[in-house]
Amino acid sequence: MFSKIKNFFKPMMRTIWVALAGQGIFLVSVITMSPLRMWKEPVVNYNLFYVPILALLAGAFFYRCCTAEKESTGYLYGYFSALFAWPLIGEVPSIPVDKGLITQFSSLNIKLLGGYFYVLAGWVLLKIMWRTGALKKSVCVFFLTFLCVWTFELYMDNYSSRVPIPLMPYIGHAVSIVFAIISLIILRVAKKTSSIEKKTVMGCLLYITFSLVLMGSGQWQTPSKFYIKYEAGHIDHEIQELQEEKAYLEELKRYMIMKGLATRDELEKPATAHEHEHEEKDATEHQ
């Protein structure tokens, strides 16, 4: 009985292990990022140590991905490089911290919903480059994994604020069912193929589809406590920054008018038809 089960799963083991390795790296990244904001007292200047470590790991794996002679090995290096590149590029730079020499590396958050446009462009470009051979296939695996994670994160970071609460359990169930079926198809493809490279790519995809099954059947059933506490908590800070930028622009406007560099009419934004409608309505009500 045991030997039959072993023989059944044996052709799929590389795919399964690649997916499990991705889950392991994800758990490690969650634990190692917790000192940035999840601890009661975040570690001061922790980001200054954490970012170079991520950069070293992602860079080393990417270098091996580009130089590996064996294609299947290059696929693995590309996969692991992308898993470390995501927290380096997509997570840590936009996380603001309260204290330290550098409180935030970048104000650009690529997980905002508007990032979908660049993700779609990335998928199209990857498809073209993979089919035409413009990039080494192991490098394409890097971009495949990175885009998969980015697509996953776009939904995960925005569903709490975008999906109506009554629909959350229904959409969560639908996601888990659809990607459970896709996961089974991936395993079937891995079982049927003899290509190590294809099994590896299937493992990269299984990592994401299995994650979607877990999230759809669990966290995505209700609003995310993590989002409310850590992600949405930065909105006040963003509003304050925008208000400061607006105040500075008003100061620049007054300076340019005073120095004769521009007239008020040149600097004032033309009112739209919608704004004119509001102005007329306010005037009518005032009368």
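This is a guided walk through some features of the structure above, which is a predicted model.

Let us begin with the loop between α2 (13-37) and α3 (46-67), where Val43 has its place. With a relative accessibility of 36%, Val43 counts as partly exposed. Val43 also belongs to a nonpolar patch on the surface, which it forms with Met38, Trp39 and Phe226. Together, these four residues have about 350 Å² of accessible area. Asn45 is found in the loop between α2 and α3 as well. If you look at its backbone, you will find a positive phi of about 65°, although Asn45 is not a glycine.

Now for the salt bridges. How many salt bridges does the count come to? The count is 5, and we can visit some of them. In one, the side chains of Lys111 and Glu91 meet, with 2.9 Å from N to O. Lys111 sits in the loop between α4 (71-91) and α5 (116-132), while Glu91 is in helix α4, so this pair ties together parts that are 20 residues apart in sequence. Are these two residues buried or exposed? Both Lys111 and Glu91 are buried.

While you have Lys111 in view, look for Asp157. The C-alpha atoms of Lys111 and Asp157 are separated by 6.7 Å, and the two residues are 46 residues apart along the chain. Asp157 is found in another loop, the one between α6 (137-156) and α7 (159-162). Its relative accessible area is 11%, so Asp157 is buried.

Our next stop is helix α11, which spans residues 235-258. Here Glu250 forms a salt bridge with Lys253, and the closest N and O atoms are 3.7 Å apart. How are the two partners placed along the helix? Glu250 and Lys253 are 3 residues apart in helix α11, so about one helical turn separates them. Glu250 counts as partly exposed, because its relative accessibility is 33%. Lys253, in contrast, is buried, with a relative accessible area of 17%. Another salt bridge is made where the side chains of Glu268 and Arg264 meet, at 3.9 Å from N to O. Glu268 has a relative accessible area of 37% and is therefore partly exposed. These residues belong to one picture: salt bridges that share partners join Glu250, Lys253, Arg264 and Glu268 into one network.

Helix α11 has other residues worth finding. Glu238 lies in this helix, and it is part of a negative surface patch formed with Glu241, Glu244 and Glu245. Glu238 itself counts as partly exposed, since its relative accessibility is 43%. Met256 also lies in helix α11. At 30% relative accessibility, Met256 counts as partly exposed. From its C-alpha atom to that of Leu267 the separation is 9.2 Å, and the two residues are 11 residues apart along the chain.

Let us turn to the cysteines. A disulfide is a covalent bond between the sulfur atoms of two cysteines. How many disulfides does the count come to here? The count comes to 0, and two of the cysteines let us follow the reasoning. To be counted, a pair of cysteine sulfur atoms must lie within 2.5 Å. For the sulfur of Cys66, the closest cysteine sulfur is in Cys65, but at 4.8 Å that is too far for a bond. For the sulfur of Cys204, the closest cysteine sulfur is in Cys148, and the distance of 8.0 Å is again too far for a bond. The surroundings of Cys66 and Cys204 can be described too. Cys66 counts as partly exposed, with 33% relative accessibility, whereas Cys204, at 3%, counts as buried.

We finish at Thr222, whose place is in the loop between α9 (196-217) and α10 (225-231). Because its relative accessible area is 46%, Thr222 is partly exposed. If you compare its position with that of Leu112, you will find the two residues 110 residues apart in sequence and 20 Å apart in space, taken from C-alpha to C-alpha.

Methods
Residues are numbered from 1 along each chain as its sequence is written. This is a predicted model: local features need pLDDT of at least 70, side-chain atom pairs count only at pLDDT 80 or more; totals for chains, interfaces and linings use all residues. Side-chain values use heavy atoms; hydrogens and water are left out. Patches are made of residues with over 30% relative accessible area and no salt bridge: like charges are joined within 9 Å, nonpolar side chains (Val, Leu, Ile, Met, Phe, Trp, Tyr) within 5 Å. Accessible areas come from the Shrake-Rupley method with a 1.4 Å probe; for residues, only the protein chains shown count as cover. Lys and Arg count as positive and Asp and Glu as negative; His and the chain ends are not counted. The place of a charge is taken as NZ of Lys, CZ of Arg, CG of Asp or CD of Glu. Helices (H or I, at least four residues) and strands (E, at least two) are DSSP runs, numbered from the N terminus. Buried means under 20% relative accessible area, exposed over 50%, partly exposed in between (1.4 Å probe, protein chains only).
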